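Let's take a walk through this one together, stopping at a few helices, some charge pairs and a couple of odd backbone angles. Keep the viewer open as you read.

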Amino acid sequence: MSNSKINEVYNKSIKDNFVVMYENINHSKEKNARLKNYNDGINLKKIIEYTDDVAELMRKLYEKITLNLEDYFLGKNDIIDISNKLKNNYISIKNYCVTSELCKENNEAYKCKILKDIYRNYRYNTVIAAVNINDIEGRKIASDTTGTDKDLEEYYVYYNSDYYFKCGELREALKDIVEKLAVEEKITTFDIQTIDNRKRYVYDYGFNYAWSWSNKINFDSGVRINKNLIPPENIKVFYIAYIDANKDNKVTVNFEGNNIEANIKAKEQLDQSNINILELLDKKSMMLFNDTKLKDFLESFYVFSKEDN
């Protein structure tokens, strides 16, 4: 075998950063270059390599997974729907490999690879989808606030803890789904611990890390939160800084359906590069809800002024 390469799967939703989904890809379209016999796949220490046609099927599948997950965060489907689609996706790829004589039905190693790759993609795209839908929701609020549907020049930040919790819940559900499917498929060596423990990309860590990174690369300015701090439930934080110095900047905190809102003159922030949300509200003598978890979260929430970056 020759011409070894790395197969890179690109995902536009993470701003053209690529994700190496599987390495050491080295194959031929010729049938005789596929798994030559059943024993090749039985040895679980061997590297199972996708042929070009299977790699292309997986690539198309990954695109569908992203849409399926975004629909979940938009409330258009539920975990049962996610579970059914994941199982169908796995079965469709496995059946193709069996009918194409890439592997036999009882080839545990090949089935294990397919299921792990699908799980890995669902797991990290769950975070990406959650952050994307959070950003879309924030952009809609910013457009409504500025009264324009045109490209926004204003610097705004939006955080909705609903997506933090839905992201975590779905990730836990995915583990249960694939582990049960592995039992059904008689994959006795199925283990996803290495996938769950991987810390290579921001979306491996979870929603807060990916949200922070998304804001960092979307805007000239940045944000900072305690990424390891569990936010209070039912909190939404929105901050917007206008380009027009004659307009007041605004911070809005919605907690359990109730709003705290404050306007801030741009000149009040000229000497501040790190703007703390809790301090802004305190300076405006805004009455905060008597919730320690809320105050701890807002105390860790900083935005950075556009002029200083």
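Y119 lies in helix 4, and in this predicted model its relative accessibility comes out at 0%, so Y119 counts as buried. Look for L86 from there: Y119 and L86 are 33 residues apart in sequence, yet their C-alpha atoms sit 8.3 Å apart in space.

Stay on helix 4, which runs over residues 108–146, and find R123. Which residue does the side chain of R123 meet in a salt bridge? The partner is D196, with an N to O distance of 3.0 Å. R123 belongs to helix 4 and D196 to helix 6 (residues 193–197), so this pair ties together parts that are 73 residues apart in sequence. Are R123 and D196 buried or exposed? Both R123 and D196 are buried; the cut-off to keep in mind is that buried means under 20% relative accessible area.

That pair is one piece of a longer tally, as a search of the whole structure turns up 14 salt bridges. Side chains of opposite charge can pair when their charged atoms come close. Some of these pairs stay inside a single helix. Take K85 and D81, which form a salt bridge whose closest N and O atoms are 3.1 Å apart. Both K85 and D81 lie in helix 3 (residues 79–99), 4 residues apart, or about one turn of the helix. The spacing makes sense: an α-helix has 3.6 residues a turn, so residues three or four places apart point the same way. K85 has a relative accessible area of 36%, so K85 is partly exposed. D81, at 21% relative accessibility, also counts as partly exposed, and with the buried class defined as under 20%, you can see how that label is reached.

Helix 5 (residues 161–184) offers another pair 4 residues apart, about one turn of the helix, in K180 and D176. Here the salt bridge has its closest N and O atoms 3.2 Å apart. D176 is partly exposed, with a relative accessible area of 37%. Elsewhere, E56, R59 and E63 are linked in a network of salt bridges.

Now for helix 2, which makes a nice geometry check. Why should helix 2 span 32 Å? The helix has 22 residues (52–73), and at 1.5 Å a residue that gives the expected 32 Å; the C-alpha atoms at its ends are 32 Å apart, which agrees. Plenty of side chains along helix 2 are buried, among them V54, M58, L61, I65, L69 and F73. The buried list also takes in residues such as T66, N68 and E70. K64 lies in helix 2 too, but at 58% relative accessibility K64 counts as exposed. K64 and N89 are 25 residues apart in sequence, with their C-alpha atoms 9.5 Å apart.

Follow the chain past the end of helix 2 and you reach G75, whose phi is positive, near 80 degrees. Most residues other than glycine have a negative phi. Two spots in this model are worth a look with that in mind. E101 has a positive phi, near 65 degrees, and is not a glycine. E101 sits in the loop between helix 3 and helix 4 and, at 52% relative accessibility, counts as exposed. K186 is another non-glycine residue with a positive phi, near 60 degrees. You will find K186 in the loop between helix 5 and helix 6, where its 65% relative accessibility makes K186 exposed.

Further along, E233 has its place in the loop between strand 4 (223–224) and strand 5 (235–241). E233 counts as exposed, at 52% relative accessibility. Although 61 residues separate E233 and L294 in sequence, their C-alpha atoms are 8.9 Å apart in space.

To finish, colour the surface by charge. Which residues gather in a patch of negative charge? They are E279, D282, D296 and E299. Helix 9 (277–283) and helix 10 (292–299) each supply at least two residues of that patch. E299 lies in helix 10, and E299 is partly exposed, with a relative accessible area of 48%.

Technical notes
Residues are numbered from 1 along each chain as its sequence is written. This is a predicted model: local features need pLDDT of at least 70, side-chain atom pairs count only at pLDDT 80 or more; totals for chains, interfaces and linings use all residues. Side-chain values use heavy atoms; hydrogens and water are left out. The expected span of a helix is 1.5 Å times one less than its number of residues. Buried means under 20% relative accessible area, exposed over 50%, partly exposed in between (1.4 Å probe, protein chains only). Patches are made of residues with over 30% relative accessible area and no salt bridge: like charges are joined within 9 Å, nonpolar side chains (Val, Leu, Ile, Met, Phe, Trp, Tyr) within 5 Å. Accessible areas come from the Shrake-Rupley method with a 1.4 Å probe; for residues, only the protein chains shown count as cover. A salt bridge is a side-chain nitrogen of Lys or Arg within 4 Å of a carboxyl oxygen of Asp or Glu. Lys and Arg count as positive and Asp and Glu as negative; His and the chain ends are not counted. The place of a charge is taken as NZ of Lys, CZ of Arg, CG of Asp or CD of Glu.
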